Amino acid sequence: GPIACGKSAVAQCLVEGGLPLVDADAVYHKLVQDRNGAMHRAIVQAFGQEVLGDDGRIDRKRLGEIVFNDSGQLKKLNRATHSLVLRGIACEVAQHILRGHGTVVLDIPLLVKFPVARRLFLSDVVVVVTTPDEQLKRLMARNGFTEEEARNRIEMQQGADQQRKLATIVIDNSGSRSDLEAKVSDTLRTMKRGWGLHWITALVLATFTTGIACWKGLASVL
């Protein structure tokens with residue numbers, strides 16, 4: 001779903017319903033903090049030393065100032081990082097599979113950028129939306145943005161109408177938290193469960209594409 005529509009709130013409700021969660025933002029943040037990792041090297045190669053902080057790590061605030069004011073720079077960041085994030089997601093999913101989970105929730109804000117993940121990994125796509133006024137108000141309150149800053153950030157991302165086209169389930173988060181919890185509870189009753197051919201394929205791809213790092217993670221659950 002679009003920014004500030006409640007994706008994290010829906011994901012948390014699903015976790016409270018007993019499902020494991022893989023958060024794409026958390027995967028990205030973990031990878032970007034590793035000064036010796038492939039993500040660090042890719043970002044420095046794309047943007048230079050100016051995105052590094054005093055500790056030698058990627059300065060996310062400085063990087064954000066570069067990419068969120070220039071759509072071309074944002075595309076450059078996406079090209080440098082998306083394949084690495086996808087491999088990290090696949091690794092965590094594979095670990096949950098081996099722990100015996102029949103359904104895994106993936107919180108992926110930019111799902112449109114991962115067509116392979118949609119085809120191979122996902123039995124359902126849940127898109128979270130709200131009204132434009134509510135979205136603007138929430139983003140200003142959450143991030144401390146001015147109205148102009150919030151509108152600019154919203155306009156840089158794909159809108160709700162476009163994202164609805166990806167969905168098998170749409171959750172309108174324009175009401176209260178209790179309203180949202182009731183909608184997510186209904187979603188849990190209708191959501192597809194278990195592994196099909198697409199998940200078997202995903203597991204095979206995960207083990208081959210994530211390489212040594214993934215196998216180290218899998219070893220911890222065996």
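**View 1. Glu 181 and Arg 177 in helix α10 of the predicted model.** At 36% relative accessibility, Glu 181 is classed as partly exposed. Its salt-bridge partner is Arg 177, with an N to O distance of 3.2 Å. Arg 177, at 38% relative accessibility, is also partly exposed. The two residues are 4 positions apart in α10, about one turn of the helix.

**View 2. The buried side of helix α10.** The helix runs over residues 177-190 and spans 20 Å from first to last C-alpha, close to the 20 Å expected for its 14 residues. Leu 180, Val 184, Thr 187 and Leu 188 are buried. These residues lie on the same side of α10, because they cover an arc of only 100° around the axis. They pack against α1 (7-16) and β4 (169-172). Arg 189 and Thr 190 are exposed, on the face turned away from the buried side.

**View 3. A salt-bridge network in Glu 134, Lys 137 and Arg 138.** Within this network, the closest N and O atoms of Arg 138 and Glu 134 are 3.1 Å apart. About one helical turn separates this pair, since the residues are 4 apart in helix α7 (residues 132-143). Glu 134 counts as buried because its relative accessibility is 19%, under the 20% cut-off.

**View 4. The salt bridge between Asp 59 and Arg 62.** The closest N and O atoms are 3.6 Å apart. Asp 59 is partly exposed at 22% relative accessibility, as is Arg 62 at 34%. The structure holds 7 salt bridges.

**View 5. Surroundings of Leu 74 in helix α5 (residues 71-98).** Leu 74 is buried, at 17% relative accessibility. Beyond its neighbours within four places in sequence, Leu 74 contacts Val 67, Phe 68 and Met 156.

Technical notes: Residues numbered from 1 in each chain as written. Predicted model: local features only at pLDDT ≥ 70, side-chain atom pairs only at ≥ 80, totals over all residues. Heavy atoms only, no water. Buried < 20%, exposed > 50% of the residue type's maximum accessible area, 1.4 Å probe, protein only. Contact = heavy atoms within 4.5 Å. Expected span 1.5 Å × (residues − 1). Arc of directions from axis to C-beta. Salt bridge = Lys/Arg side-chain N within 4 Å of Asp/Glu carboxyl O.
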